[in-house]
Amino acid sequence: MKIGVIGGGQLGRMLALAGTPLGMSFAFLDPAPDACAQALGEHIRADYDDKDHLRRLADEVDLVTFEFESVPAETVAFLSQFVPVYPSAESLRIARDRWFEKSMFKDLGIPTPDFADIQSQADLDAAVASIGLPAVLKTRTLGYDGKGQKLLRKPADVSNAFAELGSVPCLLEGFVPFTGEVSLIAVRGRDGETCFYPLVHNSHESGILRLSVASSNHPLQALAEDYVGRVLKQLDYVGVLAFEFFEVDGGLKANEIAPRVHNSGHWTIEGAECSQFENHLRAVAGLPLGSTAKLGESAMLNFIGDVPPVEKVIAIEDCHLHHYGKAFKVGRKVGHATLRCPDRSTLDRQITAVESLIRHS
């Protein structure tokens with residue numbers, strides 16, 4: 001089976017690494033000349049709205065998926081005329097737009113921060129008067145890793161904020177005084193079979209995920225699965241979906257979803273019976289889903305900007321290096337390490353060892 005992937009970054013690369021042992025081959029459509037997934041398959045260099053090359057991709061593969069939500073929903077809809085595409089264009093349309101996303105959560109009875117659609121500075125002023133400060137202004141589409149958003153703490157922060165974010169459609173969200181950030185990685189097959197990985201505790205720096213630690217018997221696991229299950233059913237979803245939550249007052253409030261394999265699920269490569277990448281491919285290909293059970297205690301640490309010397313990373317016991325083959329650049333995810341340890345105390349020590357290596361690299 002040949003899989004087409006829209007996007008040729010590290011997520012596409014890791015999909016191919018997971019799919020190759022299953023006898024799958026891959027073609028990546030990506031405009032970047034140095035797309036890091038190209039080492040694992042055919043690279044069709046073209047823009048995401050280039051219909052000639054999209055049609056070429058459709059003609060070459062058995063099905064198509066995508067690695068990130070910056071892909072226009074129109075691209076997925078176009079491809080769907082010629083070849084199966086999972087997740088669907090409708091799933092992508094909703095997930096890539098924060099207003100559609102939050103509105104769906106509200107309709108499904110999933111708690112969210114207070115929010116408002118912002119089309120102008122006047123809309124922002126009115127929304128701040130209603131929701132209050134502090135609040136977060138976010139572009140409705142394309143913001144990620146802390147980009148496309150501004151924290152509004154005091155009235156002076158509000159005055160020119162809409163223009164500062166490019167005068168594009170935005171969403172204002174009330175600031176959530178959360179006690180933790182967690183994410184749930186779920187996978188749903190073509191036949192509706194659904195599996196969930198353990199909730200993951202996430203830590204961010206400058207808006208970029210730095211550390212994810214898989215939980216054991218988290219008290220909010222069942223609640224998170226209920227909320228995510230509602231979304232999967234609503235969208236008739238196929239593939240892996242990540243749902244990020246805030247922990248608030250012993251419950252959960254929805255932050256956002258990602259209709260794809262996700263950074264906070266990288267620990268599953270070594271830390272689960274079947275990784276999120278293999279399970280995504282199983283789902284979109286109509287194959288039985290794999291077990292999401294943990295193997296020991298696991299965590300993932302991102303390498304942002306550069307990767308420490310390989311020999312130092314792999315010298316740390318229980319540490320597995322994933323180098324993306326990307327040019328080093330400030331603020332860019334260029335690799336990660338996953339840890340799989342027999343117990344939590346060992347895991348904590350190994351996390352400290354990797355963090356020390358990051359600080360001194």
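Where does S264 lie? In this predicted model, S264 is found in the loop between strand 14 and helix 10 (268-271). The residue is buried, because its relative accessibility is 0%. Its side chain makes a polar contact of 2.8 Å with the side chain of H262. Beyond its neighbours within four places in sequence, S264 is in contact with S183, I185, V200, N202, L209 and S212.

The chain is divided into three parts: domain 1 (2-85), domain 2 (114-174) and domain 3 (180-357). The C-alpha centres of domain 2 and domain 3 are 29 Å apart. The description below starts with strand 13 and its partners, then turns to the cysteines, helix 2 and the backbone.

Strand 13 covers residues 239-248. The strand is mostly covered, with 10 of its 10 residues buried. It pairs with strand 9 (residues 180-188) through 9 bridges, and these two strands run antiparallel. Within this pairing, E181 has F246 of strand 13 as its bridge partner. Strand 13 also pairs with strand 14 (residues 251-258). Here 7 bridges join the two strands, again in an antiparallel arrangement. F245 is bridged to A254 of strand 14. In a regular strand, side chains alternate between the two faces of the sheet. Strand 13 and strand 14 form a hairpin, with 2 residues between them. In that turn, D249 has a positive phi of about 50°.

The cysteines come next. The structure holds 0 disulfides. For C274, the closest cysteine sulfur is that of C195, at 9.0 Å. This separation is too far for a bond, because a disulfide needs the two sulfur atoms within 2.5 Å. C341 is likewise in no disulfide. The cysteine sulfur nearest to that of C341 belongs to C319 and is 9.0 Å away. Both residues are covered. C274 is buried, with a relative accessible area of 3%. C341 is buried too, at 2%.

Helix 2 (residues 51-60) has two sides that can be told apart by exposure. L54, L57 and A58 are buried. These three residues lie on the same side of helix 2, because they cover an arc of only 100° around the axis. An α-helix has 3.6 residues a turn, so residues three or four places apart point the same way. On the other side of helix 2, D52 and D59 are exposed. The buried residues pack against four strands and one helix: strand 1 (2-6), strand 2 (25-29), strand 3 (42-44), strand 4 (63-66) and helix 3 (73-79). At the start of helix 2, a side-chain oxygen of D50 comes to within 3.2 Å of the backbone nitrogen of D52.

D47 lies in the loop between strand 3 and helix 2. It counts as partly exposed, because its relative accessibility is 46%. Leaving out residues up to four places away in sequence, D47 touches L29 and P31. D47 and I6 are 41 residues apart along the chain. Their C-alpha atoms are separated by 9.9 Å.

Two cis peptide bonds were examined. One joins Y86 and P87, with omega about -5°. P87 lies in the loop between helix 3 and helix 4 (89-95). Another joins L133 and P134, with omega about 0°. P134 is located in the loop between helix 6 (121-131) and strand 6 (135-139).

Positive phi values also occur in residues other than glycine. In S167, phi is near 55°. This residue sits in the loop between helix 8 (161-164) and strand 8 (170-174). S167 is partly exposed, with a relative accessible area of 45%. D318 has a positive phi of about 70°, although it is not a glycine. D318 is found in the loop between helix 12 (310-314) and strand 16 (319-323). It is partly exposed as well, because its relative accessibility is 23%.

Notes: Residues numbered from 1 in each chain as written. Predicted model: local features only at pLDDT ≥ 70, side-chain atom pairs only at ≥ 80, totals over all residues. Heavy atoms only, no water. Domains from an automatic or database assignment. Buried < 20%, exposed > 50% of the residue type's maximum accessible area, 1.4 Å probe, protein only. Pairing = 2+ DSSP bridges. Polar contact = N/O pair within 3.5 Å; in protein donor to acceptor, adjacent residues only side chain to side chain. Contact = heavy atoms within 4.5 Å. Arc of directions from axis to C-beta.
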